[in-house]
Amino acid sequence: MAEFRNRSIARERWVFLLSLVALALAFVAGSILWYSVEISSVSEVQRRVNVMKPIFTGTRLFLIALVAFAWPSVVGGMHRRGRIDEVARVTLVSLRWRLVLWLMVIELVVGQNLLNHALTAVQGGRA
């Protein structure tokens, strides 16, 4: 029982620390954008963002591919360290492609703005 409590506390610390890191990164990104807007025009910032869009898209697709190919190794490592049992390992490995599919759907809808493109195409067809 005490071992489970220690693991639970350790997980809570990791979640808290990772949340702090995410908050710090968001703050840094926001500060950089704020500074960019102050020293240049909004159209210049928009131009820079448009130049960086392919790089951001490539990075997101690379990370999705990394999840797809590294997933069995990560799950196997968790199993070898005793973090998960055999049933959980098999279940997690079988869920890999479902996770990758959902990540791709999110990328298409949010990252590539597919919904907006589809609605624009439908409205353009009616006009």
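Helices here are DSSP runs of H or I with at least four residues, numbered from the N terminus, and Val109 belongs to one of them, helix α4. The structure is a predicted model, and this briefing follows helix α4 through its buried side, its outward side, its salt bridge and its part in a surface patch. The helix covers residues 96–111, with Val100 among them, and its buried residues are Arg96, Val100 and Glu107.

**Helix α4 and its two sides**

- Helix α4 is made of 16 residues and spans 21 Å from its first C-alpha to its last, which is close to the 22 Å expected at 1.5 Å a residue.
- When the helix is viewed down its axis, the buried residues of α4 fall within an arc of 30°, so they line one face of the helix.
- Among the elements that cover these buried residues of α4 are α2, residues 42–80, and α3, residues 86–94.
- On the face of α4 that is turned away from the buried side, the exposed residues are Arg98, Leu101, Trp102 and Val110.
- After the helix comes Asn113, a residue with a positive phi, near 60°.

**Val100 on the buried side**

- Val100 has a relative accessible area of 9%, and because buried means under 20%, this residue counts as buried.
- Leaving aside residues up to four places away in sequence, Val100 is in contact with Ile64, Val67 and Ala68.
- The C-alpha atom of Val100 is separated by 9.9 Å from that of Trp71, a residue 29 positions away along the chain.

**Salt bridges**

- Side chains of opposite charge can pair when their charged atoms come close.
- In this model the count of salt bridges comes to two.
- One of them joins the side chains of Arg60 and Glu107, with a distance of 2.6 Å from N to O.
- This pair links distant parts of the chain, since Arg60 lies in helix α2 and Glu107 in helix α4, 47 residues apart.
- The two partners differ in exposure: Glu107 is buried because its relative accessibility of 5% is under 20%, whereas Arg60, at 31%, counts as partly exposed.
- The other salt bridge is formed by Glu86 with Arg89, whose closest N and O atoms are 2.7 Å apart.
- Both Glu86 and Arg89 lie in helix α3, where they are three residues apart, or about one turn of the helix.
- Glu86 is partly exposed, with a relative accessible area of 37%, and Arg89 also counts as partly exposed, at 25% relative accessibility.

**The nonpolar surface patch**

- A nonpolar patch of about 960 Å² lies on the surface, and the residues that make it are Leu101, Trp102, Val105, Ile106, Leu108, Val109, Val110, Leu114, Leu115 and Leu119.
- The elements that contribute two or more residues to this patch are α4 and α5, the latter covering residues 114–126.
- Of the contributors, α4 gives the most, with seven residues.
- Val109, one of the patch residues, has a relative accessible area of 40% and is therefore partly exposed, as this value lies between the 20% limit for buried and the 50% limit for exposed.
- Leu101, Trp102 and Val110 belong to the patch, and these residues are also among the exposed ones on the face of α4 turned away from its buried side.

Note on methods: Residues are numbered from 1 along each chain as its sequence is written. This is a predicted model: local features need pLDDT of at least 70, side-chain atom pairs count only at pLDDT 80 or more; totals for chains, interfaces and linings use all residues. Side-chain values use heavy atoms; hydrogens and water are left out. Buried means under 20% relative accessible area, exposed over 50%, partly exposed in between (1.4 Å probe, protein chains only). Contact means heavy atoms within 4.5 Å. The expected span of a helix is 1.5 Å times one less than its number of residues. The arc is that of the directions from the helix axis to the C-beta atoms. A salt bridge is a side-chain nitrogen of Lys or Arg within 4 Å of a carboxyl oxygen of Asp or Glu. Patches are made of residues with over 30% relative accessible area and no salt bridge: like charges are joined within 9 Å, nonpolar side chains (Val, Leu, Ile, Met, Phe, Trp, Tyr) within 5 Å. Accessible areas come from the Shrake-Rupley method with a 1.4 Å probe; for residues, only the protein chains shown count as cover.
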